[in-house]
Amino acid sequence: MNYCLAFCCTLLLSTFSYADTVTATLDKKVVTENTLVKLTLKADFSNTGNGPDLSPLQKDFEVLGKSQNSQFSFNLGTSKALNFWVVSLMPKSVGTIEIPAIRIGDHQSQPIKLEVKSSPQLLDDNGNPPVIVRMEASNNEPYLQQQVILRVKLYTSVALQNANRTVPSHPDLVIERLSDDQMTYETINGTQYQVITRDYLSFPQRSGLLTISPQGIQAMVNTSFGRRLIKVQSEPLSLQVLPIPASYVADAWLPSQSVEVTSKLSSTSDTPRVGDTLLWNIHIRATGSLPEQIPTLDFNSTRNYKLYPQPPKFSTSKNANGVIGEQSIQVEVVPTAQGNLQLPDIDISYWDTRNAKLVHAVANTNSINIAPLPSIKNNKQTPSIDTTPLPAQPSSTAPISLQKKPEPKAEVESEPSLTAPPTIIESDNETWSFKTLLIYTLFAMAIFTLAWWIILRRQKPNSERIEESVPTLQEFAPLATPDEATAFQQLLTTCHNDQLSELRANLLEWARHRWGDHEIRTLDDIKRLTSVQVTQLLMEAELMMYSNNPSHEWHGEPLADALEEYVSGIAKPSQASQLKALYPDL
């Protein structure tokens, strides 16, 4: 009886010992700031679902890595699964931090405490920090939409491993990379630093005080105490953006360092005449401005010429001093009157940011002499035509006068009367021959006209059917969305859902709304009109479309972010876009 009782107690204790539990432990209970700590989670059951939910840790820690392994134990003929997770954590603050309960499946661990102490600043033998970050601007008091170059300098005296840098961002600044990183060397207080300079191009979109958050770097360095994670930040940068000056009276606001304008009228013919087509080429070059900032020109026709402008072409070039925006416009000119053709001058008003004053960039357009339409002269006098001058007519508004000037009359010995035609005496044979020839000619013309009419009658239905059978682009592929915003949202949804099969159609739908059917035919047109980052991601998507890989392997989130950055002109403040690897291989 006692043996049975002991066996039952042993079995009961064994059952309790195998109850499903989650255990959390730390490799150290007290650490200094910027030191890694490892959290081990153990689950003694097999149904762990998707593993541990680490979201409660993100408030006080940075989750830097996670690994998993499994074990099996056997006891009294039964097996038990053990699952382990090792999570690398970096505390965000100093003090006593509680690691909350971590849930795995239907169970959770108990909270545990971690004490984080302040660590002394890492300095070299000269008393200098190993890493310094500085941020500066080319102009701390720019005008609204004026170019500002943001320069972030990274000073390092030690080797950095797994370094990540932040990217400047602000909701009221349009920011983009200006050039590749430049590397130099500089000695500060006896310590030689390697200086990596990264320039950004920015345009403030609101006047007033704009503060750019500090720029920082996070990296691992080797010290005499072992590997250590360091975090270094720069000071915040403030810009006092000035509004449009009251003395600026032009219609369009253009802040620029300088603007150059050229205007040239050319003709393909040595002797251009009324009705010929001439080409008027205008080129505008603005230093320190984007091409989209250059104001739009107005072209008005007159009674002496007609103007047919083409859409402007934009181009951008960058150098160490900033951006140069260029705009090229071609206008077809059709003269409607003879004489000297003089087109208006091109006048671009802009605010000189160097001298703080209103300046006009003017270009004169060369003139071209236009010849009249060729006239048909007929020196034969036709007595049967009444040449009596017509009564005075009101002045015509037509730009081209088709009235011929009267020619001087030739002197003759005898002048017939203008009121009665001269009498022509012909013989009977000559009259009969002339009438016969006239009849045959009229008959042949009637036969030829009838045949030609029959041929056209037969061909006309076919041509009409052919024309009716050729639809326009809008009829062949009508737009399925009412506006660009709806089409763009549909495109972003396709990218977020990784729907590669619908990507091409939604891209073309949005692009046709944005640029029109005359600009968009294929995906290559979208690559030509968007940014380099969007083009690269589209090329990767196309490779995935035509490869043997299944479509579900394509991830559209990067393309959605790139499209939003291109449309808004503002970099997305996500962690992936803010932290860029500096030395990924070290």
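Trainee: Which residue in E25 does lysine 306 stand opposite?
Mentor: In this predicted model, lysine 306 stands opposite valine 334 in E25.

Trainee: What makes strand E23 and E25 count as a pair, and in which sense do they run?
Mentor: Strand E23, residues 305-309, is joined to E25 by five bridges in the antiparallel sense, and since at least two bridges are needed for two strands to pair, the five found here satisfy the rule.

Trainee: How many bridges join strand E22 to E25?
Mentor: There are 10 bridges between strand E22 (residues 278-287) and E25, and the two run antiparallel; within this pairing, leucine 278 has valine 333 of E25 as its bridge partner.

Trainee: What joins E24 to E25?
Mentor: A hairpin of two residues leads from E24 to E25, and the two strands, which run antiparallel, are joined by seven bridges. Set against the requirement of at least two bridges, those seven make E24 and E25 a pair. Lysine 318 has valine 323 as its bridge partner in E25.

Trainee: Why is strand E25 called mostly covered?
Mentor: A residue is buried when its relative accessible area is under 20%, and 11 of the 14 residues of strand E25 (residues 322-335) are buried, so the description "mostly covered" follows from that count.

Trainee: How do you know that the side chains of lysine 318 and glutamate 176 meet in a salt bridge?
Mentor: The N to O distance for lysine 318 and glutamate 176 is 2.7 Å, and the cut-off is within 4 Å, so the contact is called a salt bridge. Lysine 318 lies in strand E24 (residues 313-319) and glutamate 176 in strand E13 (residues 173-177), so this bridge ties together parts that are 142 residues apart in sequence.

Trainee: Are lysine 318 and glutamate 176 buried, exposed or in between?
Mentor: Lysine 318 has a relative accessible area of 40% and glutamate 176 one of 34%; with buried set at under 20% and exposed at over 50%, both values fall in between, so both residues are partly exposed.

Trainee: What makes the contact of arginine 151 with aspartate 199 a salt bridge?
Mentor: The closest N and O atoms of arginine 151 and aspartate 199 are 2.7 Å apart, which again satisfies the cut-off of 4 Å. Arginine 151 belongs to strand E11 (residues 148-156) and aspartate 199 to strand E15 (residues 191-204), so the pair ties together parts that are 48 residues apart in sequence. Arginine 151, at 28%, is partly exposed, whereas aspartate 199, at 8%, is buried. The structure holds 11 salt bridges, and Arg177, Asp181 and Arg198 are linked in a network of them.

Trainee: What do E11 and E15 supply to the largest cavity?
Mentor: E11 and E15 each supply at least two residues of its lining. The residues that line this cavity include Val152, Leu154, Arg198 and Tyr200, and the lining divides into five nonpolar, three polar and two charged residues.

Trainee: How many cavities does the rule give, and what volume does the largest have?
Mentor: The count comes to one cavity of 30 Å³ or more, and the largest cavity, at about 60 Å³, meets that limit.

Trainee: How do you know whether the reach of helix H5 is close to the expected one?
Mentor: Helix H5 (residues 503-515) has 13 residues and reaches 18 Å from its first C-alpha to its last, and the expected value at 1.5 Å a residue is 18 Å, to which the reach is close. The buried residues of H5 include Leu503, Trp510 and Trp515, and glycine 516, with a positive phi near 95°, follows the helix.

Trainee: Why does arginine 512 count as buried or exposed?
Mentor: Arginine 512 has 11% relative accessibility and counts as buried, because that value is under 20%. Aspartate 517 forms a salt bridge with arginine 512, the closest N and O atoms being 2.7 Å apart, and at 23% aspartate 517 counts as partly exposed.

Trainee: Which strands stand at the edges of the open sheet of three strands?
Mentor: The open sheet has the order E20-E27-E28 with mixed pairing. Strand E20 (255-256) and strand E28 (357-363) stand at the edges with a single partner strand each, so one side of each is left without a neighbour in the sheet. Two bridges join E20 to strand E27 (residues 346-352), and these two run parallel; because at least two bridges are needed, the two found here suffice. Proline 255 stands opposite tryptophan 351 in E27.

Technical notes: Residues are numbered from 1 along each chain as its sequence is written. This is a predicted model: local features need pLDDT of at least 70, side-chain atom pairs count only at pLDDT 80 or more; totals for chains, interfaces and linings use all residues. Side-chain values use heavy atoms; hydrogens and water are left out. Helices (H or I, at least four residues) and strands (E, at least two) are DSSP runs, numbered from the N terminus. Buried means under 20% relative accessible area, exposed over 50%, partly exposed in between (1.4 Å probe, protein chains only). On a 1 Å grid over the protein atoms alone, a cavity is a set of points where a 1.4 Å probe fits but cannot get out, and a pocket is an open set with protein on both sides within 12 Å along at least five of seven lines; lining residues have an atom within 4 Å of a point. Grid points are joined across faces, edges and corners, and a volume is the space filled by probe spheres set on the points. Ala, Val, Leu, Ile, Met, Phe, Trp, Tyr, Cys and Pro count as nonpolar, Asp, Glu, Lys and Arg as charged, and the others, Gly among them, as polar. The expected span of a helix is 1.5 Å times one less than its number of residues.
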